[in-house]
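Reader: I have a model open and want to go through it by question and answer. Where do we start?

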Amino acid sequence: MAEKHFKYVILGGGVAAGYAAREFAKQGINKGELAIISKEAVAPYERPALSKGYLFPQGAARLPGFHTCVGSGGERLLPEWYEEKGIELILSTEIVKADLSSKSLTSAAGSTFTYDILIIATGSSVIKLTDFGVQGADANNILYLREIDDADKLVAAIQAKKDGKAVIVGGGYIGLELSAVLRLNNLDVTMVYPEPWCMPRLFTAGIAAFYEGYYANKGVKIVKGTVAVGFDSDSNGDVTAVKLKDGRVLDADIVVVGVGGRPLTSLFKGQLAEEKGGIKTDAFFQTSVPGVYAVGDVATFPMMLYGDLRRVEHVDHSRKSAEQAVKAIKASEEGKSVEEYDYLPYFYSRSFDLAWQFYGDNVGDTVLFGDNDPASAKPKFGSYWIKDGKIFGAFLEGGSADENNAIAKVARVQPAVSDLNVLTQEGLQFAAKI
Ligand code: FDA
Ligand code: NAD
């Protein structure tokens, strides 16, 4: 079988891969030095579009419209761009074996790729209900969303089950974004999740109450405190109902499951150091194996701001970690170094007419400020997280670009606060003064 050598290989063709390729091109590479190997059939794209614009009933986003790097306001890297730069895009190619000692990767079809420097950018895979043996979970139209192929299956199901019933299992990012966009497609939508409120890993009860109220006003039904324990299907194998642990049964033509992701690190088990479920890196995203880097969802890296190690599953970090790794690689070739990665966590989501941003760390006490009435024409509200008398985290729904910049600054500067009542009254005004 064929064997090919590259100076640099990026394993994975998602968000981090696209931003790494752009940084390599900026820093200067020779034709034929860099390859991206991806099991997806298309060039790197902005994954967040899949749960938003890609599923709109009208004017849906389609490639090539959202190839990287448009997500951060940059140039769109079309397949031709890679060709012009002499970057080889090796698509529809799944790597099934990685041997870091011989610096080689083997594809499912048996091809071998060797490298001098490897960047692991394999991202995450979805956790499936079949992984826990949930009865009937392999029925047709029980769908997940990670890659563009999954999104195409969803589009086909939405068309096939027009105005039908959808059940969304999970109350996290996928749950909230998918229930909104399926409602926009005029499906009858019910969300089911085990926790007392949606997005518990970030939202406080107060923040969640706004979104749950807003979603209810849009006609989304919410069933909390229970999980799906089984599914019924018809003679074609199509799902017809979701059985809940509390005994209720929900009719369903489509089920979308968003119960979390898992970083794809299994190719490297035992070959490099891991931490907190990810591949352990330094502040330049180099792993415990020299010349092997890990970026994006798979990296557990030093979070300088909080003095600990973390893994982040969001797009802003995947872009910035990729750029940092490439800068560090290129600098080290010239015997130079770059500054350590100093990341301020940034997460966001959009659904219906809503858009929120969060910066920092959601630890400590919280205050809620602003207009959080789900029935308001233009709701605008937020929260601060306060620990040891300082603000660590800030959340804002409905903010302008300037207002979002202001809360980002608060989370970075960590100003001291003495009176939480005053902070609640000042709300966004407090951020504007920092
Ligand atoms: P990413 O998943 O982008 O890419 C991994 C690539 O590696 C894929 O192309 C995959 O096929 C490939 N791969 C994996 N194993 C392989 C193998 N063995 N061989 C070959 N190729 C392999 N974040 C945010 O901040 N705001 C948002 O709105 C959203 N929205 C959003 C929507 C949806 C539907 C998802 C799934 C995720 C988001 N995210 C998000 C999260 C964000 O998209 C995510 O953190 C980044 O895509 C991570 O970038 P990576 O490059 O690490 O992985
Ligand atoms: P998530 O971790 O955000 O949410 C998982 C949710 O699953 C939990 O909140 C819980 O409600 C629910 N859950 C867990 N077990 C369950 C069960 N047995 N039955 C019902 N519900 C159960 O994960 P996700 O929403 O699946 O997202 C997957 C990945 O995609 C994550 O990495 C996420 O960061 C990323 N993503 C991010 C965004 C964004 O940042 N805007 C958007 C979409 C996806």
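Author: With a definition. Ala, Val, Leu, Ile, Met, Phe, Trp, Tyr, Cys and Pro count as nonpolar, Asp, Glu, Lys and Arg as charged, and the others, Gly among them, as polar. Keep in mind that this is a predicted model.

Reader: How do the residues of the shell around ligand 2 divide into nonpolar, polar and charged?

Author: The shell around ligand 2 holds 25 residues. Gly172, Tyr173, Ile174, Gly258 and Glu313 are the closest. By class, the shell divides into eleven nonpolar, eleven polar and three charged.

Reader: Which element gives the most to the shell around ligand 2?

Author: Elements that give two or more residues are helix 4 (173-184), strand 10 (188-193) and strand 22 (346-351). Four residues come from the element that gives the most, and that element is helix 4.

Reader: What phi does Asn186 take?

Author: Asn186 sits in the loop between helix 4 and strand 10. The residue is partly exposed, with 13 other C-beta atoms within 10 Å. Its phi is positive although the residue is not glycine, near 65 degrees.

Reader: Now ligand 1. How many charged residues are in its shell?

Author: Ligand 1 is surrounded by 35 residues. Gly12, Gly14, Ala16, Gly123 and Gly296 are the closest. The shell has 14 nonpolar and twelve polar residues, and the charged ones number nine.

Reader: Which elements each supply at least two residues of the shell around ligand 1?

Author: Ala16 is among the closest residues to ligand 1. Ala16 is also one of the buried residues of helix 1. The elements that each supply at least two residues are helix 1, helix 6 and strand 22.

Reader: Is helix 1 largely enclosed or largely open?

Author: Helix 1 spans residues 15-27. Its buried residues include Val15, Tyr19, Arg22, Glu23 and Phe24. Ten of the 13 residues are buried, so helix 1 is largely enclosed.

Reader: What do the buried residues of helix 1 pack against?

Author: Both strands and helices are partners. The list is strand 1 (3-11), strand 2 (34-37), helix 2 (79-85), strand 6 (112-120) and helix 6 (315-333).

Reader: How far does helix 1 reach from its first C-alpha to its last?

Author: Helix 1 has 13 residues. At 1.5 Å a residue, 18 Å is expected. Just after the helix, Gly28 takes a positive phi of about 100 degrees. The reach of helix 1 is close to the expected value, at 19 Å.

Reader: Which residues does a cis peptide bond join in the loop between strand 2 and helix 2?

Author: Pro64 lies in that loop, and Cys69 is found there too. Leu63 is joined to Pro64 by a cis peptide bond, with omega about 15 degrees. A cis bond with omega about 15 degrees also joins Thr68 and Cys69.

Reader: Is Phe285 buried or exposed?

Author: Phe285 is found in the loop between strand 18 (278-280) and strand 19 (292-294). Its phi is positive, near 70 degrees. A residue is buried if 20 or more other C-beta atoms lie within 10 Å of its own. Phe285 has 29 such neighbours, so it counts as buried.

Reader: On which side or sides of helix 7 do its buried residues lie?

Author: The buried residues of helix 7 are Asn404, Ala406, Ile407, Val410 and Ala411. They cover an arc of only 155 degrees around the axis, so they lie on the same side.

Reader: Which exposed residues does the face turned away from the buried side of helix 7 carry?

Author: The buried residues pack against strand 23 (354-360), strand 25 (380-387), strand 26 (390-397) and helix 9 (428-433). The face turned away from them carries Ala401, Asp402 and Val413.

Reader: What phi does Gln414 take?

Author: Helix 7 covers residues 401-413. Gln414 comes just after the helix, and its phi is positive, about 55 degrees.

Reader: Which feature does UniProt place at residues 344-431?

Author: The span is 27% helix and 41% strand, and its end C-alpha atoms lie 16 Å apart. The UniProt entry is unreviewed, and the feature it places there is "domain: Monodehydroascorbate reductase 3-like C-terminal".

Reader: And which feature does UniProt place at residues 6-318?

Author: Over residues 6-318 the chain is 20% helix and 29% strand. The end C-alpha atoms are 23 Å apart. Again from an unreviewed UniProt entry, the feature is "domain: FAD/NAD(P)-binding".

Note on methods
Residues numbered from 1 in each chain as written. Chains lettered and ligands numbered in written order. Predicted model: local features only at pLDDT ≥ 70, side-chain atom pairs only at ≥ 80, totals over all residues. Near = placed C-beta within 6 Å. Expected span 1.5 Å × (residues − 1). Buried ≥ 20, exposed ≤ 12 C-beta atoms within 10 Å, placed from the backbone. Arc of directions from axis to C-beta. Contact = placed C-beta atoms within 7 Å. UniProt positions renumbered as here; feature names shortened; annotations may be inferred.
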